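Student: I'm new to this one, so could you walk me through it slowly?
Tutor: Gladly; here it is, and we can start with a term that we will need.
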Amino acid sequence: MKYRTMALSVWVVASMATPALSQAQQSSSLTFNAALSSDYRYRGISQSRLKPALSAGLDYSLPAGFYMGAWASSIKWVKDAGGDAQVEIDLYGGYKTELSKGTTLDVGLLQYLYPSAKTQTFDALYKNPNTTEIYGALTIGPVTGKLSYALTNLFGNYDFSLQKNSKGSMYFDLSANFDAGAGVIITPHIGRQKVENILNASYTDYAISASKDFNGIVLSAGLIGTNANKNFYIPGSAAQSSKFLGKTMALLSLKYNF
């Protein structure tokens with residue numbers, strides 16, 4: 001894939017989720033999750049070449065609203081770009097607090113890691129894919145707005161001809177959770193990925209999903225799409241595929257929380 005944009009699509013149930021904390025909490029807790037998805041979409045773009053993906057994660061809630069966690073998923077985009085990583089590992093930590101009744105602030109740091117990704121072929125097209133982002137989210141009632149800011153090149157994107165990096169790339173997403181009754185949660189989402197200095201890389205993604213928790217097993221179904229450049233967001237030559245990775249399609253996910 002010519003560009004890798006990943007960490008927090010509102011649709012992807014497989015992605016990590018920060019625990020619901022408040023400043024008043026004084027106890028610690030550890031939770032785990034595992035999921036199977038029909039496609040690993042991140043910020044609207046497939047990370048698994050439109051194929052199923054497995055993921056798992058853990059979240060540790062600390063006293064006074066602090067949290068940390070880790071999440072990993074199978075991926076294909078690095079292999080498709082000539083690299084050697086078949087897994088993505090996310091490490092994150094932050095602070096979440098209730099500013100007033102119904103209003104919550106969440107700030108944190110997120111590190112994306114791709115073990116063994118760099119090869120001679122990969123290095124000819126990308127910089128180090130490991131990426132660090134800071135984020136801030138404000139939730140008012142059912143609506144959340146979130147801004148993520150890249151402190152490094154965004155997933156290895158770099159303009160070698162002009163020697164310009166993609167540091168400072170930003171992703172803004174707006175989402176909501178509505179209770180439709182009978183335990184069904186409806187989640188609409190729209191996001192905008194701005195990629196610094198990389199031609200044809202910026203785009204908008206959108207999604208709507210419905211999910212229901214069956215005693216720790218969460219079943220989700222939804223529709224996701226983007227207006228991304230169809231010539232830019234395709235697998236690398238190693239994949240021998242020209243499929244558009246931001247196409248509009250239905251997705252399914254099964255997640256187990258324990």
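Tutor: Two strands are said to pair if DSSP finds at least two bridges between them. Please keep in mind that this is a predicted model.
Student: OK, so what's the bridge partner of G145 in β12?
Tutor: The partner of G145 there is L174, and that bridge belongs to the pairing of β9 with strand β12 (residues 170–176), where 7 bridges join strands that run antiparallel.
Student: And how many bridges join β8 to β9?
Tutor: There are 8 bridges between strand β8 (residues 131–140) and strand β9 (residues 143–150), which also run antiparallel, and in this pairing I134 has Y149 of β9 as its bridge partner.
Student: Which residue takes a positive phi in that hairpin?
Tutor: That is G141, with a phi near 60°, in the hairpin of β8 and β9, which has 2 residues between the strands.
Student: Zooming out, how many helices and strands does the protein have?
Tutor: The secondary structure comes to 2 helices and 17 strands, and buried residues account for 48% of the 258 residues.
Student: What about the surface, which residues form the nonpolar patch?
Tutor: Its members include L30, F32, M68, F214 and Y256, and the patch as a whole has about 1,000 Å² of accessible area. The elements that give two or more residues to this patch are β1 (29–37), β4 (53–61), β16 (217–226) and β17 (249–257).
Student: Where is Y256, and why does it count as partly exposed?
Tutor: Y256 lies in strand β17, and it counts as partly exposed because its relative accessibility is 41%, while buried means under 20% and exposed over 50%.

Technical notes:
Residues are numbered from 1 along each chain as its sequence is written. This is a predicted model: local features need pLDDT of at least 70, side-chain atom pairs count only at pLDDT 80 or more; totals for chains, interfaces and linings use all residues. Side-chain values use heavy atoms; hydrogens and water are left out. Helices (H or I, at least four residues) and strands (E, at least two) are DSSP runs, numbered from the N terminus. Buried means under 20% relative accessible area, exposed over 50%, partly exposed in between (1.4 Å probe, protein chains only). Patches are made of residues with over 30% relative accessible area and no salt bridge: like charges are joined within 9 Å, nonpolar side chains (Val, Leu, Ile, Met, Phe, Trp, Tyr) within 5 Å. Accessible areas come from the Shrake-Rupley method with a 1.4 Å probe; for residues, only the protein chains shown count as cover. A salt bridge is a side-chain nitrogen of Lys or Arg within 4 Å of a carboxyl oxygen of Asp or Glu.
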